[in-house]
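Biologist: I've got a model open and I'd like to learn how to read it. Can you walk me through it, feature by feature?

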Amino acid sequence: MATSNNSSILFSETDQQTYHRLQQALRLQLRHQIFIAVCDNLKLRNYLILQLEKDLLAKNQTVSTAQHSLNSPLFSPLINLKLDLNDPNPFEAITQWYAQNSSNSDPKSLLGFQILGVEHLTRQPPAMQWSFLRHLRTLEQHLESLECSLVLWISSPWLCCIQQSAPEFWRRRTGVFHWMSDPTPSDLESETIPLDSPGVAAHRDETISDPLKQLLDQIQHLQRQSDTFSLRQAYRQLGTIYRDRILAGENSELNYTLAIQAHEKALEIVPETELLLNHSPNSIDICNDLGTLYWMRFRQRVPEKHSSADVVSDLEQSIIFYQNALMKINPEVQPHLIIKIQKNLGTAYSDLATLRDPIENLEQSLIAYTEALSCFKLNNSKIDASDIQDYATIQNNLGTTYWKLAQQTHPIPHLKAAIAAYTEAMEFYTPQQDPLNYALLQTNLGTAYWTLSQYQPSAKLLLQAIHAYHQALTYRTSASAPIACAATYNNLGIAYWHLANHYQKSEIRAKFFKRAIAAYQKALSIASALSPTQLTFDPLATHNNLGLTHYQLATDSNFPLSKATRISLLEVALKHHIQADINGSSQLEKQRPTEGVIPNSKITEHHQTTLSYLLRTIRAFYNEFGLQGQNQALSQIPGHLLPEILRAL
């Protein structure tokens, strides 16, 4: 162990080597170099920063002596910039420095910028922490203007956070320099909100129940006593009360806000020394609870506000709290906690993908689920019986995330990965113990097989999809789960229709067309007893699909059908297309009374599609049975459609 000039700083040989590596890298004076310096001991870090500046200045002075008079000031080759906690944008800080020092600095002698103060973000609101990570992700936009190196000084927890949440910055790193040391201890500065100020306890009124009133009085008393441990526990208890109200169905905006504020106050009171420890149970639990509360509020808000700033902010804060919790956990000691939080994180990223950056956020979701799954077998080669439900659920979530990613990029490998995940999950589900979740998993598997068949046409894939849907429908019945049952029958009809079109033999085609018709009819029959807002599929499209299938049976000359049968099939096709348009028109009418509202483009598109099907069916009447057949078809067309039909004919 070596001792520095400062007698309180002890330097190991490894630390010395790390320091010299960073110093030599900076002396190369290369452009666009990104160095990440990791040190948890602030006293050691401050010494390293000053020593680095001193050594590089001495080196620079010998080089520059010939170019400066004795009275000319030498500019430091390494500039220290402190992160602005109100706007933690390191690139903006560099831009401002250039603007203020352009006249008295020599760009050629500048070796780099050191960004300091990231450790203070630990106590900033999650939104500010997320803002810092977002700024790091914009590195590519600033690289060209960065004529020297950048050294970002951080503590160990931020290293994992940057790697996972700022991948653009992480990929461009030139090197990571890690000094192993104990965290800096610091005295607790008690920060409490008076109960008569806006915040958690501002809602005290005569309607507060006695236990809650007693707890609020206790918090007020503890604030005066500066009993930080008991105060933290009281705030957690307060947050739990409001969380339990939410879980009981009282999911008002106020209850979410109060639950979140109480937990955040509890987190603020966690001592700095505990925040830096890697398995602090208090801060881990509070961070996980906050992540879940923000996610729950997101789910509550999203139907009304969808992609508003508040909704996005809730998800961002949920993610940052889950990540903060993960940074404090030892996976070998607390694997079950890792599993729970990684599962939550995967769900949050998957939800964020519906609002923005779908590929990137879905990939982050995959990472979280994969990390969770790896913890199951960390200490055991076999999944414990108590873990089976969680393992199967995460495998199902992993499969769904792969399926969603397949809709965005590289569909074939992602769909195959989805099938593998669903198949693995199936090993741990039994229909006897959990019939509805077993049916859900079979439906997901069927959908993955069907989607893959659209990219790799194959009767085998379609048959596998059909088998999975049939397995699901054994337990997903109209009595036990009518909404899901109707949707699965609709999917089954689509799979049979594609399978029929896969074959050339008329007998096989006819067999599968008839099975498609039966499945579509079952879906519509169940849907007729449900509210349209409950359905997860489009019954208008199902009517058109039924019409199309009847049309194909009627017009295929290879089918040995009588004239009467063909007429009957065409009449049924016409009936379903008309039904699809009537139902669609009624939805369109509901939008018209509101002044200035543009009709739903999907409904108008549906009308045009249905119109083309109607015209094709009417022409089939004419082709099969002449003018008499056409007139027979036109006699069934509703009056409001006749002008459009006649113009097109």
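Biologist: How many helices and strands does the secondary structure of the protein chain come to?

Modeller: Keep in mind that this is a predicted model. The protein chain has 25 helices and seven strands.

Biologist: What share of the 649 residues in the protein chain is buried?

Modeller: Buried residues account for 49% of them. As for contacts between residues at least 6 apart in sequence, 70% join residues at least 24 apart.

Biologist: Now helix packing. How is a pair of packed helices described?

Modeller: Two numbers do the job in general: the angle between the two axes and the distance between those axes. Take helix 13, residues 309-327, and helix 14, residues 335-353: they pack at about 155°, and their axes are 9 Å apart. Angles over 145 degrees count as roughly antiparallel, so helix 13 is roughly antiparallel to helix 14.

Biologist: Is the crossing of helix 13 and helix 14 left-handed or right-handed?

Modeller: Left-handed, as helix 13 passes helix 14.

Biologist: Which residues make the contact?

Modeller: On the helix 13 side they include Leu315, Ile319, Tyr322 and Leu326. Helix 14 contributes, among others, Ile338, Ile341, Leu345, Ala348 and Leu352. Sorted by class, the contact between helix 13 and helix 14 has 11 nonpolar, four polar and one charged residues.

Biologist: Let's turn to the backbone. Which residue in the loop between helix 14 and helix 15 has a positive phi although it is not a glycine?

Modeller: That's Asp357, with a phi of about 40°. Asp357 sits in the loop that leads from helix 14 to helix 15 (358-376).

Biologist: And why does Asp357 count as partly exposed?

Modeller: Because its relative accessibility is 37%, and partly exposed covers the range between the 20% and 50% cut-offs.

Biologist: Where is His410?

Modeller: Look in the loop between helix 16 (388-406) and helix 17 (411-426). His410 is not a glycine, yet it has a positive phi of about 40°. His410 is exposed, since its relative accessible area is 54% and exposed means over 50%.

Biologist: Last topic, cysteines. How many disulfides does the count come to?

Modeller: Zero. A pair would need its cysteine sulfur atoms within 2.5 Å.

Biologist: Are Cys148 and Cys375 buried or exposed?

Modeller: Cys148 is buried, because its relative accessibility is 3% and the cut-off is under 20%. Cys375 is buried too, with a relative accessible area of 9%.

Technical notes. Residues are numbered from 1 along each chain as its sequence is written. This is a predicted model: local features need pLDDT of at least 70, side-chain atom pairs count only at pLDDT 80 or more; totals for chains, interfaces and linings use all residues. Side-chain values use heavy atoms; hydrogens and water are left out. Buried means under 20% relative accessible area, exposed over 50%, partly exposed in between (1.4 Å probe, protein chains only). Axes are lines fitted to C-alpha atoms, for helices over the stretch in contact, and angles run from 0 to 180 degrees between N-to-C directions. Helices (H or I, at least four residues) and strands (E, at least two) are DSSP runs, numbered from the N terminus. Angles under 35 degrees count as roughly parallel, over 145 as roughly antiparallel, 65 to 115 as roughly perpendicular and the rest as oblique. A crossing is left-handed if the near helix is turned anticlockwise from the far one by less than a right angle, and right-handed if clockwise. Contact means heavy atoms within 4.5 Å. Ala, Val, Leu, Ile, Met, Phe, Trp, Tyr, Cys and Pro count as nonpolar, Asp, Glu, Lys and Arg as charged, and the others, Gly among them, as polar.
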